[in-house]
Amino acid sequence: MEVLLTSDELAAGIGRLSDQVRREVGGRPLTVVGVLTGSIVLVADLIRRLEGPVTVSMVWASSYRGTATSPGTLELRLDLLPDLTGQEVLLVDDIFDTGRTLAALLAEFRRRGASNVRSLVLLRKTGRAEVEIQPDFVGFDIPDKFVVGYGLDFDGGLRHLPHLAALDDEDIAAARAGQKRCSEQPASPS
Ligand code: IMP
Ligand code: MG
């Protein structure tokens, strides 16, 4: 695993992002909507740097299944969303890859009557976008590699790393093999 961003570099990025957001939104109340599960660490750090009135809620989105490192069908769960009518919304996600998650959520929040919807991502992968829109705020542009840590997972693990690391093909193959061995083991007698 190669460290792409240390925890100090990530913290500096969050500081820059929160300053940019407040400069643009001013002192108006902001409804932060994080995308579970990858944005949990980012949301926790960002809201503590955003001065002024903030409320927080979460939606859930997933386009990855198990040990896959390329997106599958996008699944959304929006039942935790508050009424967004007239709200100034900041949609927060860990990474902008194809952009499909952000595009779908932005359209849905606008449909629900938010007065303004901006989007913020910690990371943007180079050369992967499949949609017209771009996030309003981007922490870091990174190469097209599968990354983990600071909330981002590989098959549910590694979210807890305080830094951001890139997995190379060997790391991914080893993780997949480990996974396969586990699922091949006979169930232990009860
Ligand atoms: P998009 O809809 O293709 O932009 O994908 C965005 C979602 O895919 C993010 O919210 C992440 O959950 C996940 N994702 C994309 N790239 C990576 C990665 O390199 N590591 C972990 N998760 C990723
Ligand atoms: Mg996600």
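**Note on the predicted model**

1. Strand 2 (residues 30-36) and strand 5 are paired in the parallel sense, with 4 bridges between them. Val32 stands opposite Leu90 of strand 5 in this pairing. The model is predicted, and the points below should be read with that in mind.

2. Strand 5 covers residues 88-96, and 9 of its 9 residues are buried, so the strand is largely enclosed by the rest of the structure. Strand 5 also pairs with strand 6 (residues 116-125); these two run parallel and are joined by 8 bridges. Here Leu91 faces Ser119 of strand 6. Strand 5 thus has two pairings to check, one with strand 2 and one with strand 6.

3. The connection from strand 5 to strand 6 involves helix 3 (residues 100-111), and the three elements form a right-handed β-α-β unit. A second right-handed β-α-β unit is made by strand 2, helix 2 and strand 3.

4. Strand 3 (residues 54-62) pairs with strand 2 in the parallel sense over 7 bridges. Gly34 has Met58 of strand 3 as its bridge partner. Strand 3 pairs with strand 4 (residues 75-77) as well, but in the antiparallel sense and over 3 bridges. In that pairing Trp60 is matched with Arg77 of strand 4.

5. The largest nonpolar core has 26 residues, and Leu120 and Leu123 touch the most other members. Two or more residues of this core come from each of helix 1 (7-25), strand 2, helix 2 (40-47), strand 5, strand 6, strand 7 (137-142) and strand 9 (164-167). The greatest share comes from helix 1, with 5 residues. There is also a second, separate core of 18 residues, with Leu91, Phe96, Leu106 and Val117 among them.

6. Leu123 deserves a look of its own. Apart from neighbours within four places in sequence, Leu123 is in contact with Leu5, Asp94, Ile95, Phe96, Phe140, Ile142, Val147, Leu152 and Leu164. Phe96, one of these contacts, is included in the second core.

7. Ligand 1 has 17 residues around it, of which Asp94, Thr98, Gly99, Thr101 and Val147 come nearest. Three distances to oxygen atoms of the ligand can be listed. An N or O atom in the side chain of Asp93 is 3.0 Å from an oxygen atom of ligand 1. For Asp97 the atom is a backbone N or O, at 2.9 Å from a ligand oxygen. For Thr101 a polar side-chain atom lies 2.5 Å from an oxygen atom of ligand 1.

8. Thr98 sits in the loop between strand 5 and helix 3. Its relative accessible area is 8%, so Thr98 counts as buried, the limit for that class being under 20%. The Thr98 side chain reaches the backbone nitrogen of Arg100 at 3.2 Å. Not counting residues up to four places away in sequence, Thr98 touches Pro71, Arg128, Ala129, Glu130 and Val131.

9. Some backbone geometry should be checked by eye. Most residues other than glycine have a negative phi, and most peptide bonds are trans. The peptide bond from Leu36 to Thr37 is cis, with omega near 5°. Thr37 lies in the loop between strand 2 and helix 2.

10. Two residues have a positive phi without being glycine: Tyr150, at about 50°, and Asp155, near 50°. Tyr150 is in the loop between strand 8 (146-148) and strand 9, and Asp155 is placed in the loop between strand 8 and strand 9. How exposed or buried is Tyr150? Tyr150 is buried, at 6% relative accessible area. Asp155, at 28% relative accessibility, counts as partly exposed.

11. Asp169 belongs to helix 4 (residues 169-184). With a relative accessible area of 67%, Asp169 is exposed. Asp169 and Leu102 are 67 residues apart in sequence, and their C-alpha atoms are 27 Å apart in space.

Notes
Residues numbered from 1 in each chain as written. Chains lettered and ligands numbered in written order. Predicted model: local features only at pLDDT ≥ 70, side-chain atom pairs only at ≥ 80, totals over all residues. Heavy atoms only, no water. Buried < 20%, exposed > 50% of the residue type's maximum accessible area, 1.4 Å probe, protein only. Pairing = 2+ DSSP bridges. Right-handed = clockwise from strand over helix to strand, strands pointing away. Core = buried A, V, L, I, M, F, W, Y, C linked by side-chain atoms within 4.5 Å. Contact = heavy atoms within 4.5 Å. Near = heavy atom within 4 Å. Polar contact = N/O pair within 3.5 Å; in protein donor to acceptor, adjacent residues only side chain to side chain.
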